[in-house]
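Me: Got a minute to go through this one with me? I'd like to talk about the pockets and the ligand.

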Amino acid sequence: MTNAPDHPMLEFTSEIKQALAEGKPVVALESTIITHGMPWPQNMETAQAVETHIRETGAIPATIAIMNGKIKIGLGEADLTVLSKTQDAMKLSRADMAFALSQNHLGSTTVAATMMAAELAGIEVFATGGIGGVHKGGETSMDISADLRELEKTPVIVVCAGAKAILDIQRTLEVLETSGVPVVSIGVDEVPAFWSRDSGIASPLRLDTATEVAHFWNTRKSLGQQGGLLIANPVPEHDQIQSEIMNRYISKAIEEANKQGIKGKAVTPWLLAKIFELSDGDSLSTNVSLICNNARMAGEIAVCLANSK
Ligand code: PSU
Ligand code: MN
């Protein structure tokens with residue numbers, strides 16, 4: 001049974017509050033993908049489509065953002081429109097979520113900040129597109145996403161489509177292994193690479209069904225283990241972009257980012273926008289497909305967990 005959460009900074013929709021109090025399945029969703037990951041109007045359409053996919057599994061979607069000094073758990077259409085249209089939202093991670101709350105600044109949550117909010121709210125399952133990780137060249141730039149540290153400490157199941165191929169996937173896996181974070185690919189032996197199903201890198205673990213994931217999670221918890229679980233769910237075959245094609249766009253985008261001196265938080269959104277441009281929008285349709293696919297998987301896992309309680 002999930003605890004009914006009562007943190008003063010959390011603001012729930014009544015549907016989600018009731019669902020959590022009754023132990024019904026709820027899936028958290030991030031909002032950086034809305035403010036920094038996709039252009040208007042596809043960002044809003046995708047956010048709504050993702051919620052519909054979750055509902056179809058029997059779970060309830062909870063999109064998370066920082067608005068009016070509160071951590072909003074569940075956004076209505078008006079909130080979603082504000083977030084989708086604004087150019088002014090802060091991209092928030094562990095380092096700055098409390099800053100945005102204290103300054104009353106509009107902010108979207110990355111994987112790290114969404115995990116923090118989900119834990120506070122008592123939500124165990126979270127669907128996203130891709131996590132942040134070790135950037136290519138990260139061994140010298142030290143650009144390693146706070147998402148990885150968050151996975152180490154925060155007990156949430158994160159369903160993604162693997163590490164984005166703009167990252168150094170091997171080093172990202174090494175950091176996760178050191179941190180004790182299990183990486184489980186669904187139905188495939190290789191870690192999927194976001195836009196492509198194959199990365200050439202063997203997955204540390206593989207499971208085939210949501211039921212098995214729920215059972216693994218419950219087993220981990222019964223051992224008292226802390227931290228998160230990363231589920232890597234490959235993009236549906238008919239929507240993937242072959243890795244050879246993708247890698248060409250990625251190399252070009254990274255070269256240009258280095259030339260322009262793009263640094264810090266700006267790197268991931270900048271690369272995504274550049275790749276969108278280079279691929280003539282194909283990267284965006286693939287992104288939409290994989291997020292919807294992850295939403296369904298996360299919904300199924302949340303339903304299995306609720307049934308196991
Ligand atoms: N994947 C996408 N679009 C995004 C992100 C990931 O397809 O917008 C976001 C997620 O919110 C992730 C963040 O947590 O990028 C990672 O940013 P950074 O590398 O700066 O930690
Ligand atoms: Mn970074």
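Me: Let's start with the largest pocket. How do its lining residues divide into nonpolar, polar and charged?
Reply: The lining of the largest pocket has 15 nonpolar, 16 polar and 10 charged residues. Keep in mind that this is a predicted model.

Me: How much space lies in that largest pocket?
Reply: About 830 Å³. The lining counts 41 residues, and those closest to the centre of the largest pocket are Lys 91, His 135, Asp 143, Gly 264 and Thr 268.

Me: Which helices supply at least two residues of that lining?
Reply: They are α2, α8 (146-153), α11 (243-260) and α12. Of the elements, α12 gives the most to the lining of the largest pocket, with five residues.

Me: Now the ligand. Where does ligand 1 sit?
Reply: In the largest pocket.

Me: How many residues surround ligand 1, and which are the closest?
Reply: There are 17 around ligand 1. The closest are Glu 30, Lys 91, Ser 145, Asp 147 and Thr 268.

Me: What about polar contacts? How far is the side chain of Lys 91 from an oxygen atom of ligand 1?
Reply: An N or O atom in the Lys 91 side chain is 2.7 Å from a ligand 1 oxygen. Thr 268 also reaches ligand 1 through its side chain, with an N or O atom 2.8 Å from an oxygen of the ligand.

Me: And Val 111, which part of that residue lies 2.8 Å from a ligand 1 oxygen?
Reply: The backbone. A backbone N or O atom of Val 111 is 2.8 Å from an oxygen atom of ligand 1.

Me: How much of ligand 1's accessible area does the protein cover?
Reply: The protein covers 94% of it. On its own, ligand 1 has 480 Å² of accessible area.

Me: Which helices each supply at least two residues of the shell around ligand 1?
Reply: α2 (32-37) and α12 (267-278). The most comes from α2, which puts three residues into the shell around ligand 1.

Me: And what is the make-up of that shell: nonpolar, polar, charged?
Reply: Four nonpolar, nine polar and four charged residues make up the shell around ligand 1.

Me: Switching topic. What about the second largest pocket, how much space lies in it?
Reply: About 320 Å³. The second largest pocket has 22 lining residues, and Thr 35, His 36, Gly 37, Met 38 and Pro 39 lie nearest its centre.

Me: Which elements give two or more residues to the lining of the second largest pocket?
Reply: α2, α4 (77-85), α12 and α13 (282-307). That lining divides into 11 nonpolar, nine polar and two charged residues.

Me: Last topic, the cavities. How many of 30 Å³ or more does the structure hold?
Reply: Three. The largest cavity holds about 170 Å³ of space.

Me: Which residues are closest to the centre of the largest cavity?
Reply: Glu 30, Ile 33, Ala 47, Val 50 and Ile 291 are the closest, out of 14 lining residues. Two elements, α2 and α3 (42-56), give two or more residues to the lining of the largest cavity.

Me: Which element has the largest share of that lining?
Reply: α3, with four residues.

Me: And how does the lining of the largest cavity divide?
Reply: Eight residues are nonpolar, five polar and one charged.

Technical notes: Residues are numbered from 1 along each chain as its sequence is written. Chains are lettered from A and ligands numbered from 1 in the order in which they are written. This is a predicted model: local features need pLDDT of at least 70, side-chain atom pairs count only at pLDDT 80 or more; totals for chains, interfaces and linings use all residues. Side-chain values use heavy atoms; hydrogens and water are left out. A residue is near a molecule or strand if one of its heavy atoms lies within 4 Å of it. A polar contact is a pair of N or O atoms within 3.5 Å; within protein, one must be able to donate a hydrogen and the other to accept it, and residues adjacent in sequence count only if both atoms are side-chain atoms. Accessible areas come from the Shrake-Rupley method with a 1.4 Å probe; for residues, only the protein chains shown count as cover. On a 1 Å grid over the protein atoms alone, a cavity is a set of points where a 1.4 Å probe fits but cannot get out, and a pocket is an open set with protein on both sides within 12 Å along at least five of seven lines; lining residues have an atom within 4 Å of a point. A molecule sits in a cavity or pocket if more than half of its atoms lie within 2 Å of its grid points. Ala, Val, Leu, Ile, Met, Phe, Trp, Tyr, Cys and Pro count as nonpolar, Asp, Glu, Lys and Arg as charged, and the others, Gly among them, as polar. Grid points are joined across faces, edges and corners, and a volume is the space filled by probe spheres set on the points.
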